[in-house]
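Please open the structure in your viewer and keep the sequence panel visible beside it. The tour below moves from one selection to the next and says what is to be found at each stop.

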Amino acid sequence: MRKVMIAAGLLAAGISSASAATLDTVKQRGTLVCGVSAGFAGFSAPDSQGNYKGLDVDYCRALAAGVLGDPNKVRYVALTAQNRFTALQSGEIDVLYRNSTQTFLRGVTLGLRQGPVNFYDGQGFVVKKDTGVKDLKGLNGATVCVAQGTTHEVTLGDYGRANGIDWKPLVFDRVDTMYQTFFGGRCDAMTQDASALAGAVATAAPNAADYVVLPQTISKEPLGPFTRNGDEVWSDIITWLHYGLIEAEELGITQANVDEMTKSQIPAIQRLLGTSGDLGSRLGLDNKWLVAAIKSGGNYGEIFERNVGKASPLKLERGLNGTWSKGGLMYAIPFK
């Protein structure tokens with residue numbers, strides 16, 4: 001009878017033993033295991049000291065801060081495009097933050113849940129300036145470097161067939177090898193997310209001024225985290241972390257002022273920062289979990305600008321990744 005009552009209580013609180021599995025594991029372990037890439041400048045790449053930096057890395061740090069109280073309690077697992085989903089399915093990692101495109105088939109066939117989009121991108125192409133190529137038609141007959149196991153590989157074939165462009169894919173299982181090959185002159189062009197191409201030119205090209213990312217994109221690439229199906233509480237935490245970082249930007253809450261903002265009398269700020277509403281406890285977390293998350297690296301705008309925006313080597317515009325009030329697609333679900 002006691003077991004039935006306990007189970008009923010958990011279900012009433014919205015947290016079943018099955019759905020809280022990853023949260024419990026992370027807390028017991030004391031470390032978040034985050035699946036990332038090892039070579040995408042601006043998103044996830046080790047610096048000269050071996051410390052991972054990037055937009056995806058900052059999400060891992062914010063998650064560790066919110067759940068464990070320390071943004072440094074993260075173990076990063078570098079994954080390829082081919083093994084990233086298997087690593088999550090098998091439990092090798094707790095969450096996948098690896099600039100991964102969300103698609104229908106990935107959403108319904110992998111046993112994984114797609115979290116909210118944290119970067120809107122599109123598949124682009126980079127060429128050497130001295131080739132004189134100005135648009136995609138100029139790549140007819142070209143050899144194009146592309147990474148295996150990505151949406152880019154499929155879209156490249158689809159777009160070529162639909163538009164009468166006969167390009168020749170040269171497929172690589174490692175991104176670093178693809179970069180070396182392209183910048184070594186073996187391919188006429190390289191295709192990837194436009195943001196990743198900008199990062200590659202900025203950090204891996206012999207001379208960045210010799211290359212240009214073409215203005216056309218051939219796909220929608222909504223990037224975001226992945227979690228396992230059946231782990232509702234953990235998936236909710238991933239979801240509301242993102243919305244919390246967006247909401248913080250909308251409300252003017254930054255890494256520098258978040259402690260001072262906890263004294264605010266504005267209801268929306270009080271709920272977000274846990275001084276009223278008891279929202280964190282409904283996820284099995286401290287009510288001020290988002291205070292810790294924001295202190296780790298700032299709001300979404302700060303994370304964007306530092307890693308891929310004008311303050312970074314990539315120097316990307318906010319564009320679709322701006323907040324809704326400034327013409328972008330980033331929009332936080334209300335915390336109430």
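## Strand 11 and its partners

Begin by selecting G124 together with Q192, a residue of strand 11, since in this predicted model the two are bridge partners. Then widen the selection to the whole of strand 11, which covers residues 189-193, and add strand 8, which covers residues 123-128. The two strands run antiparallel and are joined by 4 bridges.

Keep strand 11 selected and add strand 9, residues 143-147, which is joined to strand 11 by 2 bridges and runs parallel to it. To find a place where these strands face each other, pick C145, which stands opposite M190 in strand 11. Is strand 11 mostly covered or mostly exposed? If you display the surface here, strand 11 should appear mostly covered, as 5 of its 5 residues are buried.

## Strand 13 and its partners

Next, select strand 13, residues 221-228, which is also mostly covered, with 8 of its 8 residues buried. Which strands pair with strand 13? Strand 5 is joined to it by 3 bridges and runs antiparallel, strand 6 (residues 112-114) pairs with it in the antiparallel sense over 3 bridges, and strand 7 (residues 119-121) likewise pairs with it in the antiparallel sense over 3 bridges.

One pair of residues for each partner will help you to follow these pairings in the viewer:

- For strand 5, select S100, whose bridge partner in strand 13 is G224.
- For strand 6, select L112, whose bridge partner in strand 13 is R228.
- For strand 7, select Y120, whose bridge partner in strand 13 is P222.

## Two residues with positive phi

Stay with strand 5, residues 95-101, and select N99, which lies within it. Most residues other than glycine have a negative phi. N99, however, has a positive phi of about 20° although it is not a glycine, and it is buried, with a relative accessible area of 8%.

Now move to K315, which is found in the segment after helix 13 (300-307). Its phi is near 55°, again a positive value in a residue other than glycine. Is K315 buried or partly exposed? With a relative accessible area of 48%, K315 is partly exposed, whereas N99 is buried.

## The whole protein

Finally, clear the selection and zoom out until the entire protein is in view, with its 13 helices and 13 strands. The radius of gyration is 21 Å, close to the 20 Å that the globule rule gives for 336 residues, so the protein is as compact as a globular protein of that length. If you turn the model along its principal axes, the C-alpha atoms fill a box of roughly 70 × 45 × 40 Å.

Colouring by burial would mark 50% of the 336 residues as buried, and the accessible surface comes to about 15100 Å², of which 52% belongs to carbon and sulfur atoms. Of the contacts between residues at least 6 apart in sequence, 70% join residues at least 24 apart. As a last selection, colour the charged side chains, of which 33 are positive and 32 negative, and note that the centres of the two sets lie 2 Å apart.

Notes. Residues are numbered from 1 along each chain as its sequence is written. This is a predicted model: local features need pLDDT of at least 70, side-chain atom pairs count only at pLDDT 80 or more; totals for chains, interfaces and linings use all residues. Side-chain values use heavy atoms; hydrogens and water are left out. The radius of gyration is taken over C-alpha atoms; the globule rule is 2.2 Å times the number of residues to the power 0.38. Buried means under 20% relative accessible area, exposed over 50%, partly exposed in between (1.4 Å probe, protein chains only). Contact means heavy atoms within 4.5 Å. Accessible areas come from the Shrake-Rupley method with a 1.4 Å probe; for residues, only the protein chains shown count as cover. Lys and Arg count as positive and Asp and Glu as negative; His and the chain ends are not counted. The place of a charge is taken as NZ of Lys, CZ of Arg, CG of Asp or CD of Glu. Two strands pair if DSSP finds at least two bridges between them.
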